[in-house]
Amino acid sequence: MTATAVYKPSVTSAAPLVLEGRDLTKHFAVKEATGIFARRVPLYAVDRVSIGLRAGTVTAVVGESGSGKTTVARMLAKIIQPDRGQLLLDGEPVPRGRPRSYAAQVQMVFQDPFASLNPVHRVRHNLVRPLQIHRVVDDVEAGVDDLLRRVALEPPEQFADKFPHELSGGQRQRVSIARALAVQPRVLLADEPVSMLDVSIRLGVLNLLADLRDRERLAILYVTHDIGSARYLADTIMVMYAGQMVEAAPSATLTDSPAHPYTQLLLSAAPDPERVEPPSLAGSGAPPSLVRPPSGCRFHPRCPHAMDICSQETPASVTVAPGHTAACWLHVDPARRRVDGRAAPAASPEAPATYAALPGPTKPHHPEED
Amino acid sequence: MTGSISPAGPRPVAASAPRQAEPVLEIKGLSVDYGYGAAAVHAVMDCDLTLRRGEVLGLAGESGSGKSTIALAAIRLLRAPGVITGGEVLFHSRPDSGGASQTIDVLRAGDEQLRTVRWSEISVVMQSALNALNPVITIGAQFEDMLRVHRPDMDKVARQERSVALLEMVGMTADRLRSYPHELSGGMRQRAMIAMALALEPQVMILDEPTTALDVVTQREILEELMGLRDRLGFAALFITHDLSLLVELADEIAVMYAGRMMERAAAASLFYAPRLPYTYGLLHCFPPMHGERRSMEGIPGSPPDLRALPSGCSFNPRCPWALERCRREMPPLVTLDSTGRQVACWLHGGDATVPEELNMPDPLGRTGRAPEAPSPSARSLR
């Protein structure tokens, strides 16, 4: 074992997997060109992403717009059917379609609380419907009060008879969380739940999610573009780039010693008033087109450490430290970087220097020494 | 102290002393209502703001605090039902040829005079470049239009050359002139917008949430470019955003608005390390830190007030952990605190009240407002 263990094994890693997605893949068809030249081409939105949500754990998926993070959440909610891959609930394959039994276990909270609540109905109606449809409780009135209390909208009778437009953004998002909780789910998929809210009330909603994780042992997926809030709330962070999962680690490990160059770029760009040195971007350019993604590693055109092999072969996910994986050739032993089974061209002389340039537990980890 | 922001790290204080520079845009006592009569909502109340030459002034606040309304009112782009009900906006124009600067009262200027100021001297970049650019003509045609109107002495070739130079200045290639706005990515559109705003070499640029809709990496690239251009071209910028953590890195001076009023104004480092206003203190603790131990933070309790039914006294008092009896009765005036010229509107300062420890950190730019006393036992942390 060569990698130094900065990472403390999380107590939650032993928690049972509730919902698991294996090799989830989704290609959307988009129209290219116009007129008689128009044809439909695939857009590779999500490519072989595996993700596991554990009870009592918040897993964050971080990425830029277009990285496929929302598509992953929607596939887990079965709002979008994956083209390939498997969904497992408690280790059992999930039936086809979107049966009510699945919705009773897995619920979603959407980004925009101004759009996700029915505006012509009172809060009470928005909460009574799932209680009735799923026949969760006998006394729906008491059920509504209980739900509002669980999301800290107290006293409940003051909120139950309001219309969504009478509530502030934070209160509305709490109502939509309450609606998701109505069926007593075990998995909550929160897609950018705070990005539409005012800065001063975001932490309140994040703390509510943390509270639900701790008190009700929910498995929570937190999809966000804000790596700072992911570090705050999540136990594990997964970073997506151009439809692929590039790095996953316990949240403090990932932000303190990122192993993938894209994560380093994201962190170097995030606003940080405590930064001592002036910010310098670790990379440049914009995310690629997903209709014609770059060959090899999809990040290689923007990567400051790119090598020959990066444009030829897609790197597999390698373990850089216990619980910390990254899909990057820099973390593969130079001798093992092969193209099509043949030995790769001799590693360029600057490769070792690039190694050293990577901070943290990013020293090459050689599985054969384990 | 539950604060996660340590005053330890010595932050390089901007070498330029913007305080000495002469003002280029002065907003005095500006008030803006939406609607008329008894139903009017007071979106901006009696606000003062001074932008000095070459300075980046940050204007921070949550949605509904009036920060965008101020910007729109300052160049008279406010649409009905917005009504400017008082105050003045003075633009001190310095001619290119040098010489004495000329003062224009923007709010009282006639159409012709306004035309000479808008865009050529004060330009605006809005949050949504897709809405700001004309969707049915190419970027090049829009540059051409603007240059033809504002620079009548240029011929077609000169206009073309200028357009190419402008695009290259913001890191775009000349072939993008033939693109329509919808063919560009969000970052590219915003770059084109910035190029257009800089085309006439204005003295003031108003940036209204220019990067809020963009990804962090694109945001950082555009901001770096913008700051480089500022150093080169020397325009002053009024940068409006809700992201206080971004402003701390970017601005020379920051003004914080809450519910239509200017509540605190200080140099960026002073505001970050030694906020004097409870709201600023709370807002700074709404951004989870990127380093150090992870710990629980609470944000600010309650929610931003409804402008139609503001609480009496200080608008922040229902959410303030240190609110005094006086805060519920009277609105505090914006007063200058110390020799650094920082201002705050809060009854905790300058009166008999004990200043909580959290709001009395040493100011990195000058001496503290008050002699450091033993922390008062009544000081409560903003939990």
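Me: Before we get to the interface, what has to hold for two residues to be in contact here?
Reply: Two residues are in contact if their C-beta atoms, placed from the backbone, lie within 7 Å. This is a predicted model, and on that basis 31 residues of chain A are in contact with 34 residues of chain B.

Me: OK, and which helices of chain A supply at least two residues each to the side that touches chain B?
Reply: On the side of chain A that touches chain B, at least two residues each come from α7 (199–216), α8 (227–233), α9 (251–256) and α10 (261–269) of chain A. With six residues, α7(A) gives the largest share of that side.

Me: By class, what does that side of chain A have?
Reply: The side of chain A that touches chain B has 15 nonpolar residues, together with nine polar and seven charged ones.

Me: Switching to the fold, how many helices and strands are there in chain A?
Reply: Chain A has 11 helices and 14 strands. Of its 370 residues, 48% count as buried, and among contacts in chain A between residues at least 6 apart in sequence, 67% join residues at least 24 apart.

Me: In what order do the strands of the eight-stranded sheet in chain A come?
Reply: The order in chain A is β6-β7-β8-β3-β9-β10-β12-β11, in an open sheet with mixed pairing. From one strand to the next, the twist averages 20°.

Me: Why is one side of β6 and of β11 in chain A left without a neighbour in the sheet?
Reply: Because β6 (106–109) and β11 (318–321) of chain A stand at the edges and each has a single partner strand, one side of each has no neighbour in the sheet. For β11(A), three bridges join the strand to β12 (residues 324–326) of chain A, and the two run antiparallel. Within that pairing, V318(A) stands opposite A326(A).

Me: Which strands does α1 of chain A lie across?
Reply: Helix α1 (residues 69–76) of chain A lies across β3 (57–62), β6, β7 (187–191), β8 (219–224) and β9 (236–241) of chain A, and runs at about 155° to β8(A).

Me: Now chain B: how do β1 and β2 pair there?
Reply: Strand β1 (residues 23–34) of chain B and strand β2 (residues 41–52) of chain B are paired in the antiparallel sense, over eight bridges, and L30(B) stands opposite C47(B) in β2(B).

Me: And what about the turn of that hairpin, which residue has a positive phi?
Reply: The hairpin of β1(B) and β2(B) has six residues between the strands, and in the turn G35(B) has a positive phi of about 95°.

Key: Residues are numbered from 1 along each chain as its sequence is written. Chains are lettered from A and ligands numbered from 1 in the order in which they are written. This is a predicted model: local features need pLDDT of at least 70, side-chain atom pairs count only at pLDDT 80 or more; totals for chains, interfaces and linings use all residues. Helices (H or I, at least four residues) and strands (E, at least two) are DSSP runs, numbered from the N terminus. A residue is buried if 20 or more other C-beta atoms lie within 10 Å of its own, exposed if 12 or fewer, and partly exposed in between; C-beta atoms are placed from the backbone. Ala, Val, Leu, Ile, Met, Phe, Trp, Tyr, Cys and Pro count as nonpolar, Asp, Glu, Lys and Arg as charged, and the others, Gly among them, as polar. Two strands pair if DSSP finds at least two bridges between them. Axes are lines fitted to C-alpha atoms, for helices over the stretch in contact, and angles run from 0 to 180 degrees between N-to-C directions.
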